[in-house]
Amino acid sequence: MAANNSIKGSAQASDPAALEQFRSYLLRYALVQLRDQTAAEDAVQETLLAAVEGGAGFSGKSSVKTWLTGILKHKIIDHLRRQSREQPLIAAGHDERSEAEVIDAMFKDDGHWESFPASWGDPDQAFENKKFWEVFETCAKLMPAKTARVFTMREVMELSTEEICMELGITATNCWVMLHRARLSLRECLELKWFGKL
Amino acid sequence: MRFIPSCKEVSELLSQAQDRPLTLKEKLALYVHLPLCEGCRNFSRQLGFIRSAVKRYIERDDTPRS
């Protein structure tokens, strides 16, 4: 079975038509991270091109999809680097303070939850519901660009905090504060707009 | 951090537990707080859910449903 997959994979890896089937997945991946349709499409295009040209680089050890995702990750990081050179996103100070303020607002002065997280029952059921994904998207988009970038670098690209800090030139503490804030607001929004309504 | 940490501190630790290994002291803080606090236990489960939801979000249309 594994050998079959690998042969099938090798054939797919150098066949532009076979690679096309992954385009929508790759686009969603890039779009979540870059939040810019044109930039995401460019990154995916470059990825597919690099894949076709370097099809021999496919080792068969992973699936074609994992292999493509790896290439895309590099394209996205390249893009983020270019972008941060051209227009530094990290204007520290004000933003950092407001991140902490958002967190503070979710807790009382004595450190108790302002509104206690409720039980979500069996939340995985929501995965099957198309409407849930619309809510999820809406909630994710409420995050400011910088917060969302750190969050997706961690959760989508699965970079470590060290790698994120290095890429963005921020401290580990700053990074943890942003991730904490991202998770808190996503949680609150999902409870408000979905799980609290079930 | 006081002996029994606040929900705010615990939520911070639970979030960071997704990004780095916690120290023994931090684990102990969770150990004393969580059994007493349903809100933070729910939050802890929700963090796991959010993590898998992000992955599912990207994967979701992968196989066209007919």
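A residue is called buried here if 20 or more other C-beta atoms lie within 10 Å of its own, exposed if 12 or fewer do, and partly exposed in between, with the C-beta atoms placed from the backbone. By that yardstick R35(A) comes out as partly exposed, because 16 other C-beta atoms lie within 10 Å. This is a predicted model, in which local features need pLDDT of at least 70 and side-chain atom pairs count only at pLDDT 80 or more, while totals for chains, interfaces and linings use all residues. Residues are numbered from 1 along each chain as its sequence is written, and chains are lettered from A and ligands numbered from 1 in the order in which they are written.

The model scores ipTM 0.91 and pTM 0.87. For chain B, the mean pLDDT (the predictor's confidence in each residue, from 0 to 100) is 90, and 86% of the residues score at least 70. The weak stretch is residues 62-66 of chain B, where pLDDT stays under 50. Over that stretch the model has one contact beyond four places in sequence, a contact being two residues whose C-beta atoms, placed from the backbone, lie within 7 Å.

Now for the overall layout. Helices (H or I, at least four residues) and strands (E, at least two) are taken as DSSP runs and numbered from the N terminus. Chain A has ten helices and zero strands, and chain B has three helices and, again, zero strands. Of the 198 residues in chain A, 33% are buried, and for the 66 residues of chain B the figure is 30%. Taking the contacts in chain A between residues at least 6 apart in sequence, 73% link residues at least 24 apart.

Where the two chains meet, chain A puts in 30 residues and chain B 26 residues. On the chain A side, helix 3 (23-34), helix 7 (130-141), helix 8 (145-155) and helix 10 (172-193) each supply at least two residues. Helix 10 of chain A gives the most to this side, with seven residues. Sorted by type, the chain A side has 18 nonpolar, six polar and six charged residues; Ala, Val, Leu, Ile, Met, Phe, Trp, Tyr, Cys and Pro count as nonpolar, Asp, Glu, Lys and Arg as charged, and the others, Gly among them, as polar.

The largest nonpolar core (a set of buried Ala, Val, Leu, Ile, Met, Phe, Trp, Tyr and Cys residues joined through C-beta atoms within 7 Å) has 45 residues, and those with the most contacts inside it are A30(A), L68(A), L72(A) and V150(A). Several helices supply at least two residues each to this core, among them helix 4 and helix 5 (64-86) of chain A and helix 3 (38-59) of chain B. Helix 10 of chain A gives the most to this core, with seven residues.

Helix 8 of chain A has eight of its eleven residues buried, so it is largely enclosed by the rest of the structure. Its buried residues include V150(A), F151(A) and M153(A), along with the charged R149(A), R154(A) and E155(A). Past helix 8, in the loop that leads to helix 9 of chain A, sits E158(A). E158(A) counts as exposed because it has 10 C-beta neighbours inside 10 Å, and its phi is near 55°, a positive value in a residue other than glycine.

Helix 4 of chain A (residues 37-53) has 17 residues and reaches 24 Å from its first C-alpha to its last, close to the 24 Å expected at 1.5 Å a residue; the expected span is 1.5 Å times one less than the number of residues. A40(A), A43(A), V44(A), T47(A) and A51(A) are buried in helix 4. Seen down the helix axis, these buried residues fall within an arc of 95°, so they line one face of the helix; the arc is that of the directions from the helix axis to the C-beta atoms. T38(A) and E53(A), on the other side of helix 4, are exposed. R35(A) is in the loop between helix 3 and helix 4 of chain A, and has a positive phi of about 55° although it is not a glycine.

M106(A) lies in the loop between helix 6 (94-105) and helix 7 of chain A. Leaving aside neighbours within four places in sequence, M106(A) is in contact with E114(A), L184(A) and E188(A).
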